[in-house]
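Trainee: Please take a close look at a single part of this model. Start from one residue and work outwards from there.

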Amino acid sequence: MPYVITEKCLGEVYAQCVDVCPVNCIHPGDYKGQAFMIIDPEECTECTSCFSACPIGAIVESADKDPAFAKINAELAPTFKTHAQVPTRPANDPPKRPDVNKLVN
Ligand code: SF4
């Protein structure tokens with residue numbers, strides 16, 4: 001089951017996951033007016049690399065852990081995969097949303 005990027009990524013987009021994904025299936029775009037990233041469920045090989053690369057824990061290991069965002073990742077994938085990649089943010093850059101670490105994955 002493919003990995004999923006969750007609400008925690010909204011407006012944050014550290015993009016550290018992009019550098020470690022061996023199949024380049026993580027793509028950026030705007031969702032609800034905020035920067036976001038998705039994992040293309042058709043391409044993800046469940047290699048696990050991105051899970052620990054996200055400094056705010058915005059990635060979950062299966063759709064079961066966040067079915068709503070699994071659906072959103074799948075729906076946005078065809079559009080987001082056409083976008084150019086975005087620059088990464090340093091892992092120690094403080095989150096833009098002060099509440100982000102209180103969001104539960
Ligand atoms: Fe890419 Fe692996 Fe993460 Fe899937 S689990 S999105 S293949 S880094």
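Mentor: Start with Cys17. Leaving out residues up to four places away in sequence, Cys17 touches Ile26, Met37, Cys50, Ala53 and Ile59; contact here means heavy atoms within 4.5 Å. A word on the source: this is a predicted model, in which local features need pLDDT of at least 70, side-chain atom pairs count only at pLDDT 80 or more, and totals for chains, interfaces and linings use all residues. Residues are numbered from 1 along each chain as its sequence is written, and side-chain values use heavy atoms, with hydrogens and water left out.

Cys17 lies in helix H1. Helices are DSSP runs of H or I with at least four residues, strands are runs of E with at least two, and both are numbered from the N terminus. Cys17 counts as buried because its relative accessible area is 7%. The cut-offs are under 20% for buried, over 50% for exposed and in between for partly exposed, with a 1.4 Å probe and protein chains only. One partner sits far along the chain: Ala53 is 36 residues from Cys17, yet their C-alpha atoms are 5.5 Å apart.

Now Val20, also placed in helix H1. Val20 is partly exposed, at a relative accessible area of 34%. Its contacts, with residues up to four places away again set aside, are Ser49, Cys50 and Ala53. Compare the lists: Cys50 and Ala53 appear for Cys17 and for Val20. Residues three or four places apart in an α-helix point the same way, because the helix has 3.6 residues a turn. Next, look across the model. Tyr31 is eleven residues from Val20 in the chain, and 23 Å separates their C-alpha atoms.

Follow the chain back from H1. Val13 is in the loop between E1 and helix H1 (16-20). Its phi is positive, near 50 degrees, and Val13 is not a glycine. Most residues other than glycine have a negative phi. Val13 is buried, with 10% relative accessible area.

Lys32 makes a useful contrast. Lys32 sits in the loop between E2 and E3. Lys32 has a positive phi too, about 55 degrees, and is not a glycine either. But Lys32 is exposed, at 67% relative accessible area.

Move on to strand E2. Tyr31 is found there and is buried, at 16%. Beyond its neighbours within four places, Tyr31 is in contact with Leu10, Phe36, Phe69, Ile72, Leu76 and Phe80. Phe80 is 49 residues away along the chain, and the C-alpha atoms of the pair are separated by 9.9 Å.

His27 is found in E2 as well. His27 is buried, with a relative accessible area of 9%. Its contacts, by the same exclusion of four places, are Phe36, Met37, Ile38, Asp40, Phe80, Lys81 and Gln85. Ala84 is 57 residues from His27 in sequence, and their C-alpha atoms lie 8.0 Å apart.

Those contacts lead to helix H3. H3 covers residues 67-80, 14 in number. From first C-alpha to last, H3 reaches 19 Å, close to the 20 Å expected; that expectation is 1.5 Å times one less than the number of residues. Its buried residues are Phe69, Ala70, Ile72, Asn73, Leu76, Ala77 and Phe80. Strand E1 (4-5), strand E2 (26-31) and strand E3 (34-39) are among what covers them.

Step back to the whole. The protein has three helices and four strands, in the order β-α-β-β-α-β-α from the N terminus. Of contacts between residues at least 6 apart in sequence, 78% join residues at least 24 apart. Buried residues make up 45% of the 105 residues. The radius of gyration is 12 Å, which agrees with the value near 13 Å for a compact globule of 105 residues; the radius is taken over C-alpha atoms, and the rule is 2.2 Å times the number of residues to the power 0.38. Along the principal axes, the C-alpha atoms fill a box of roughly 30 × 30 × 25 Å.
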